[in-house]
Amino acid sequence: MDIKNKTVLVLGGWGLVGSAICRQLMEEHPKRIVVSSLNESEAKEAVAALRREFPRAGRNLIVPWWGKIFVRHSLKDKPRDEILSNRSTRELLIDDMLDEFTLTVVERSAIYQLLKKFKPAVVVDCINSATAIAYQDLFQSARAVRKSIKAGSADLVEVTERLIATQYTPQLIRHVQLLYRSMQMFGTIIYVKIGTSGTGGMGLNIPYTHSEERPSSVLLSKSSVAGAHTMLLFLMGRTPDAPITKEIKPTAAIAWKRIGFGEIKRKGKPIEMIDCPPDDGVQLKGTLKLKMDGTQGTSLGRSLQSVFIDTGENGLFSRGEFETISTPGQMEFVTPEEIAESVIYEIRGGNTGHDIINALDNATLNPTYRAGYLFESAIKYMKELEAKHGTQSVAFEILGPPRLSKLLYEAYLLQLCYGSMNAARRTTPKEMSAKLEQLIRANSELRAQIISIGIPILLADGKTLLRGKEIKIPPYRGENDLPITEKALDSWAYDGWVDLRPKNMKRWKLRFETIIQDTKSIPPNETSSRHLRNPRYWNSFEEIEPGKLAGWIFSEEEHGKRMKA
C-alpha cells in the first residue's frame, strides 16, 4: 500500500527498531506518525529526536502516546508492581484477562482507546511482547505460592492472585483478541509485528542466562510466548475482516543505538559502586544470605561509569560483552535499519522473504485433492450404515461448539417434519413451531438423543426446558445458579439450545428463502466453476441436509468462512 497521507502507529517507537522505522517512515510522507512508548519521557524524547532530524516536518506530523497497551486504559500509566500490590487493581487486571470477551472489555482497554483516537491505517508493533509477558516470571510466582501454602501464610490469597495475573497464555490471548477487534473496528489496513525468537537465533544450548539453570526456564518461556504469539497472528492473517498481518522475526541480537562513555544503568537505575574491604568480608558458615540488610559493603558515593554500546531495550553492553555476543557462532547481530527497510518494503506490498506469517502459509499442509475426492465416498458409506441400522447420525457434541449441535438437530427436526426446504418455507413460523414440538413430545428416543449430549430443548412457549443433569450452555464458570432474563434466555437458546419458539422458526424460514433466492439468481445456463452452491448442490431444494445447512450458516450467515485454501 501507499503510505503517503496515511496515519501510522508505531508501538514501541522509542526503542531501537521503532526509532529506525519512524525515520524510514518519514521518507514516505505519511499524514501522521504516532510514536508510542511505555513511559511519557520516552515517547516525548523519541518525538523530539525525530523533529530535530526532520525540522521541516509539521508539529502535528509526529505525535507521542504513552502507557501500557496490555491493560485497561485506566491502568495504563500505573507500574505493574503497583497494580499487583493493590487488591482492587489486581482484581481488575485478572477480570480483564479472564472475563468473557465482550464489547465492554474491548472498549475499556488501552489499545482500543489508542486506536479509537488516531484510527491508524498502518500499525507497526515493535514492542517486545514476549519479553514483557514472559519476564513477569511465572516460575517465581509459583514458587511464592508453594512457599505460602507450606508455611500457611496469611498472604496466600495475594500471592495466588499474583500467580493468576502472571499466566502467560491468557494474557497473550486477550492481547491479540483486543488488538484484532480494535483494528477491525477502526479500519486498520495492515499490521506488521517485529517478533522475536526469544534466544537471538540460538538453540537450547544458549549460554546467556541471568543466573538461572541452562537453558533458562524464563528464557524458554520467552521463546514459548513468542511462538504462541506468532501462531495467533497466523490465525489473524487468515481472518477475512482482519488487517493484512505480517511478522518479521529477527534471529540475531539487534544493535546498536549509540556508543559512548558515561553512567551505566541497569533496568533504568545507575549501578551503585560498592566496596567490600577484605577486613569486612563475610565469614562463610551456616547459611549464605542472598540479600543482606543493607549494611554490608561500603558505598563509594558514585555510580559505575565506563564505555558502552547502547543496544536499546537489551540495555548497555560493555565492549567485552558486545564482542562476545557478536562473535561468529554466537548471536551475532542485525542492525535496526535493516529491519526497518524490510518493514517498509512489506508495507508497500513487496516480498522480502522475511515475513514469517507468509512463510507459515507456504509451509503448512492445506486441504488436499485426495481428501476432497474421498469425501463423497465417506458420506455415502455413512448414509448406507444409517439405513442399515435405522438411525440418523446428527450430532454428538464432540466437535463443538454447542451451537453446531443445536443447528444440526433443529435442521434434522425440520427435515423429519417437512422433508424439503420448499415445503418448509411454505408454512408459517407458528405452524413450524407447533409441528416440531409435536414431534419432540411424541418421539422419546429422538428427544433423549438431543438431551443426552447436553443440548436442552426449549419448547414453543419459551418457558419449558427439556434437559438432563448437565447442559453445555451456559458454560459453568464457577456459579451454579444464574438469573433467568429474557436477554440471557435468548443468548442461551442461540448458543446451544434446540429452540422451538416461533421466532427461531422465523429465522429458519428466512434462511431457506435466502438460500433459494440466492441460488435462483444464478443464470440457468451458468455451468462454470464460479458457483459452489448451485441448484444441484442443494438438490433443487427438495431436501433438508443438516450438515450442508450448518456449513452454510457458519460460512455465510456468521462470516466464519475459511479465508485461505
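How many helices and strands make up the secondary structure of the protein chain? The count is 22 helices and 18 strands. The model is predicted.

**Overall build**

The protein chain has 565 residues, and buried residues make up 41% of them. Along the principal axes, its C-alpha atoms fill a box of roughly 95 × 60 × 45 Å. Contacts reach far along the sequence. Among those between residues at least 6 apart, 72% join residues at least 24 apart.

**Nonpolar cores**

The largest nonpolar core holds 39 residues. Within this core, Y409, L414, M421, W508 and L549 touch the most other members. Six elements are listed as giving two or more residues: α16, α17 (421–425), α18 (429–442), α19 (444–452), α21 (502–520) and α22. The largest share comes from α16, with 10 residues.

W508 deserves a closer look. Leaving aside neighbours within four places in sequence, W508 is in contact with L407, E410, A411, L414, M432, L549 and I553. Two of these partners, L414 and L549, are named above with W508 for touching the most other members of the core.

A second core is separate and has 32 residues. Its members include I3, V17, L50 and I248. V17 also appears among the buried residues of helix α1.

**Covered elements**

Helix α1 and strand β6 are both mostly covered. The table sets out the counts.

| Element | Residues | Buried |
|---|---|---|
| Helix α1 | 16–26 | 9 of 11 residues |
| Strand β6 | 244–248 | 4 of 5 residues |

In α1, the buried residues are L16, V17, G18, S19, A20, I21, C22, L25 and M26. Strand β6 has a partner in strand β5 (residues 190–194). The two run parallel and are joined by 5 bridges. I190 has I244 of β6 as its bridge partner.

**A three-stranded sheet**

In what order do the 3 strands of the open sheet lie? The order is β8-β13-β14, and the pairing is antiparallel. The edge strands are β8 (258–263) and β14 (316–317), each pairing on one side only. Strand β13 (residues 305–310) runs antiparallel to β8, and 6 bridges join them. F261 stands opposite V307 in β13.

**R266**

R266 is found in strand β9, which spans residues 265–266. Is R266 buried or exposed? R266 counts as exposed because its relative accessibility is 58%, and the cut-off for exposed is over 50%. R266 also has a partner far along the chain to compare with. G315 is 49 residues away in sequence, yet the C-alpha to C-alpha distance between R266 and G315 is 7.1 Å.

**The second largest pocket**

The second largest pocket encloses about 1,300 Å³ of space. Its lining has 33 residues. Nearest the centre of this pocket lie F375, I379, P546, G547 and K548. The elements giving two or more residues to the lining are α15 (369–389), α16 (402–418) and α22 (546–557). Helix α22 gives the largest share, 8 residues.

What is the make-up of the lining, in nonpolar, polar and charged residues? The residues divide into 16 nonpolar, 9 polar and 8 charged.

The pocket and the largest core have elements in common. Both α16 and α22 give two or more residues to the pocket lining, and both also give two or more to the largest nonpolar core.

Methods: Residues numbered from 1 in each chain as written. Predicted model: local features only at pLDDT ≥ 70, side-chain atom pairs only at ≥ 80, totals over all residues. Heavy atoms only, no water. Buried < 20%, exposed > 50% of the residue type's maximum accessible area, 1.4 Å probe, protein only. 1 Å grid on protein atoms, 1.4 Å probe; cavity = no way out; pocket = protein on both sides within 12 Å on 5 of 7 lines; lining within 4 Å. Points joined across faces, edges and corners; volume = space filled by probe spheres on them. Nonpolar A, V, L, I, M, F, W, Y, C, P; charged D, E, K, R; others polar. Pairing = 2+ DSSP bridges. Core = buried A, V, L, I, M, F, W, Y, C linked by side-chain atoms within 4.5 Å. Contact = heavy atoms within 4.5 Å.
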